[in-house]
Amino acid sequence: MKLRNLITTVLAATISVSAVSADEETVTVYSYRHYEGDQKLYEEFTRQTGIKVETVKAKADALIERIEAEGEKSPADIFIAADVGRLEKARELGILQSVTSEALESQVPAHLRDPEGHWYGFTVRARVIMYAKDRVDPASITSYQDLTKPEWKGRICVRSSSNIYNQSLLAGMIANHGKAKALQWAKGVRKNMARAPQGSDRDQMRAVAAGIADVAIANTYYYGLLASSPDEKDREVASKIGLIFPDQDGTGTHINISGGGVVKTSDNKEAAVKLLEFLSSAEAQKTFPTTTHEYPLNMDHTLSPALEPWAAFKYDPIDLKKVGASRKDAAKLFLLSGWE
């Protein structure tokens, strides 16, 4: 089989594409996000503007590699990732272009966008500590640092260090407190794990509910997804778990974004900017919390029925560009800590 045919076969097997007719104005989105609510928003955008949205879905790194391989001929107009680390990676590789508009500047807070306009956030999630309601006093944990204490030995579960959410959490610690303290934290948490790192955030929550561990580190929206799941077993897991927003007396709880940027080779920049504006608009911001249980850019927790019981919390206001820039250092520290 020729190399070109092999590549085509692999891409066809791993990336889903929604097709539209060639004579319609379209904006092509390469996205890691895989939520039904996103598709409904794209359909509403089309209804309002007449611009069709074509989506290519795959892992963020695979999409970045595809855009690089396609070069000047890439059909991608927008790249969307579920983490600032991947957005910064795309910027550093030169596949995103700088764009700006009055709407983007006013709708996306400065710390949730690239200062040069290469990427913009449109949803927010917090990385919190989830605990077993029947075994843990939430007052016993007030910070991420508390997880390194001896009393938590054999009681923590968390996913692998290769996970970008964990890398961004540690990158935030590097930016706020330096590499030495960040490494100390990673070593301490690894020593206290109930099992080797494995699975997804939802798997960590299931492990806590099953009694395998007492606390886990996970993103808030995964709690929302389980709590509102049509699967009774998922809802039962959520009912056994409480949420702690760490560092309310310090830097604040770590947050991250889903966001996107306009691909450098896009030949439809105007339509791409319009879609980014729409995703950060008040209309879309009211939709995300009810469909994906992510926070909107203004952090209004009352918009998600699953997250509403938790009051507004203090979040780390660090410029997320600094978090993205520290992701490589975070990966190195995880390696040194022994966190698989």
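Reader: Which helix is Tyr222 found in?

Author: Tyr222 sits in helix 9. One thing up front: this is a predicted model. Tyr221 belongs to helix 9 too, and that helix covers residues 220-227.

Reader: What makes Tyr222 count as buried?

Author: Its relative accessible area is 10%, and the cut-off for buried is under 20%, so Tyr222 gets the label. Tyr221 comes in at 1%, so by that cut-off Tyr221 is buried as well.

Reader: How do you know that the side chains of Tyr222 and Tyr221 make a polar contact?

Author: The distance is 3.0 Å, and the limit for such a pair of N or O atoms is 3.5 Å. That value is within the limit, so the pair counts.

Reader: And what else does each of them touch, leaving aside neighbours within four places in sequence?

Author: Tyr222 is in contact with Arg159, Tyr165, Asp201, Arg202 and Met205. For Tyr221 the contacts include Tyr35, Arg125 and His293, and Tyr165 is in that list too.

Reader: Which residues does UniProt list for "binding site"?

Author: The record, an unreviewed entry, gives His34, Tyr221 and Tyr222. Such annotations may be inferred rather than shown by experiment.

Reader: What makes you say that they cluster in space?

Author: They are spread over 189 residues of sequence, yet the largest C-alpha distance is 13.7 Å. His34, Tyr221 and Tyr222 also take part in the lining of the largest pocket.

Reader: On to the rings. How many aromatic pairs are there?

Author: The structure has 8 of them.

Reader: Why is the pair of Trp185 and Trp339 called tilted?

Author: The centres are 5.9 Å apart, and rings pair if that distance is within 6.5 Å. The planes meet at 35 degrees. Stacked needs under 30 degrees and edge-to-face needs over 60, so 35 degrees leaves tilted.

Reader: What does that pair tie together?

Author: Trp185 lies in helix 7 (residues 179-191), while Trp339 is in the segment after helix 14 (327-337), so parts 154 residues apart in sequence are tied together. Trp185 is buried at 1% relative accessibility, and Trp339 is buried at 3%.

Reader: Why is Phe334 with Trp339 described as edge-to-face?

Author: There the planes are 70 degrees apart, with 4.7 Å between the centres. Since 70 is over 60, edge-to-face is the right name. Phe334 is buried too, at 1% relative accessibility. Elsewhere, ring pairs link Phe245, Tyr295, Phe313 and Tyr315 into a cluster.

Reader: Is Glu88 buried or exposed, and how do you know?

Author: Buried: its relative accessibility is 1%, and anything under 20% qualifies. Glu88 is in helix 4 (residues 84-92). Its side chain makes a polar contact of 2.9 Å with the side chain of Trp119. Among the residues that Glu88 touches are Asp114, Lys321 and Arg327.

Reader: What makes strand 5 largely enclosed by the rest of the structure?

Author: In strand 5 (residues 120-132), 13 of the 13 residues are buried, so the description fits.

Reader: Which strands does strand 5 pair with, and how do you know that they pair?

Author: Strand 9 (residues 255-262) is antiparallel to it over 6 bridges, strand 7 (residues 215-219) is antiparallel over 5, and strand 8 (residues 241-244) is antiparallel over 4. Pairing needs at least two bridges, so each of these counts go past the requirement. As for partners, Gly121 is opposite Gly259 in strand 9, Met130 is bridged to Ala216 in strand 7, and Tyr131 stands opposite Gly242 in strand 8.

Methods. Residues are numbered from 1 along each chain as its sequence is written. This is a predicted model: local features need pLDDT of at least 70, side-chain atom pairs count only at pLDDT 80 or more; totals for chains, interfaces and linings use all residues. Side-chain values use heavy atoms; hydrogens and water are left out. Rings of Phe, Tyr and Trp (its six-membered ring) pair if their centres lie within 6.5 Å; planes under 30 degrees apart count as stacked, over 60 as edge-to-face and the rest as tilted. Helices (H or I, at least four residues) and strands (E, at least two) are DSSP runs, numbered from the N terminus. Buried means under 20% relative accessible area, exposed over 50%, partly exposed in between (1.4 Å probe, protein chains only). A polar contact is a pair of N or O atoms within 3.5 Å; within protein, one must be able to donate a hydrogen and the other to accept it, and residues adjacent in sequence count only if both atoms are side-chain atoms. Contact means heavy atoms within 4.5 Å. On a 1 Å grid over the protein atoms alone, a cavity is a set of points where a 1.4 Å probe fits but cannot get out, and a pocket is an open set with protein on both sides within 12 Å along at least five of seven lines; lining residues have an atom within 4 Å of a point.
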